[in-house]
Amino acid sequence: MMLTAEQVLASHKANIETLFGLTHKAFEGVEKLVELNVQATKAALAETANHTQAVLGVKDAQELLALQAGLVQPLAEKTAAYSRHLYDIASAAGADLGKTFEGQAADAQKKFVGLVDNAAKNAPAGSETAVAVLKSAVAAANNAFESVQKAVKQASDIAEANFNTVAASAVNATKAPAAKKR
C-alpha cells in the first residue's frame, strides 16, 4: 500500500503539467480580455471623435438634443455586447478550469477506490464490516460530489439565462424611448 518513488514522481510530473496547462489557459483568457478592451477603447475613441465633430456642427438646440438622444440606444447596445463578450470570456475560462478539475477529481477518485479495494483485499480476517463501511463512505462521497457538480452546472445555466434576459431588457428599454421620440 506504500507509494513507490516512481509513483510519487509521476504524480508530481502530472501535477506540474496540469499547473502549466492551467496557467496557459489563464493567460489565454487574459489575452482575450486585453484584446476586447483594446477594441472597445479604439471604438470608443473613434465614436467620441465623430460625436465631437457632429456636436461642433450643430446649428440649434433641437438638433443638439436629437443628436444626444440618438446616442443612448447604440451606447446601450454596445454596452450589452461588451458585457456579453466579457461574460463569454469568463465563462469559457471557467469551463476550461472546471473540465481540468473534474478530470483531476475523477482520476483521484479512481486512485482512491483502487487503494480502498487493495486495502480490502489485504485486510485481516474479521475486518469485512470496516471495509464495507469504508466503501460505503467512498460511494456516498462520490454521490455527493456528483450532486454538487450538477448543482453548480444548473446554477451556471440559470445565471447565463438571467444575464441574457437582463441584457435584452436593457437594450429593449433604450429602444422604447427612442421609438417614441420619432
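**Helix α2 and its surroundings**

Student: In this predicted model, is Arg84 buried, partly exposed or exposed?
Tutor: The model is a prediction, and the relative accessible area of Arg84 in it is 24%. Because buried means under 20% and exposed means over 50%, a value of 24% leaves Arg84 partly exposed.

Student: With which residue does the side chain of Arg84 meet in a salt bridge?
Tutor: The partner is found four residues away in helix α2, a separation of about one helical turn. An α-helix has 3.6 residues a turn, so residues three or four places apart point the same way. At 34% relative accessibility the partner counts as partly exposed, and with 3.1 Å from N to O, the residue that meets Arg84 is Asp88.

Student: How many salt bridges does a search of the whole structure find?
Tutor: One of them joins Asp88 and Arg84, while another is formed by Lys78 with Glu47, whose closest N and O atoms are 2.6 Å apart. For the whole structure, the number of salt bridges found is two.

Student: How many residues apart in sequence are the parts that the pair Lys78 and Glu47 ties together?
Tutor: Lys78 is partly exposed, with a relative accessible area of 41%, and Glu47 is likewise partly exposed, at 34%. Lys78 lies in helix α2 and Glu47 in helix α1, so the parts tied together by this pair are apart in sequence by 31 residues.

Student: Which element gives the most to the lining of the largest pocket?
Tutor: The largest pocket has a volume of about 480 Å³, and among the 17 residues that line it, Ala43, Ala44, Glu47, Leu75 and Lys78 lie nearest its centre. The elements that give two or more residues to this lining are α1 (5–56) and α2. Its residues divide into 10 nonpolar, five polar and two charged, and with nine residues, the element that gives the most is α2.

Student: How far apart are the end C-alpha atoms of α2?
Tutor: Helix α2 covers residues 61–121. At 1.5 Å a residue, its 61 residues should span 90 Å, which agrees with the distance between its end C-alpha atoms, 89 Å.

Student: Is Thr100 buried or exposed?
Tutor: Thr100 is found in helix α2, and, leaving aside residues up to four places away in sequence, Thr100 touches Thr18, Leu22 and Lys25. Its relative accessibility is 17%, and the cut-off for a buried residue is under 20%. Thr100 therefore counts as buried.

Conventions. Residues numbered from 1 in each chain as written. Predicted model: local features only at pLDDT ≥ 70, side-chain atom pairs only at ≥ 80, totals over all residues. Heavy atoms only, no water. Buried < 20%, exposed > 50% of the residue type's maximum accessible area, 1.4 Å probe, protein only. Contact = heavy atoms within 4.5 Å. 1 Å grid on protein atoms, 1.4 Å probe; cavity = no way out; pocket = protein on both sides within 12 Å on 5 of 7 lines; lining within 4 Å. Points joined across faces, edges and corners; volume = space filled by probe spheres on them. Nonpolar A, V, L, I, M, F, W, Y, C, P; charged D, E, K, R; others polar. Expected span 1.5 Å × (residues − 1). Salt bridge = Lys/Arg side-chain N within 4 Å of Asp/Glu carboxyl O.
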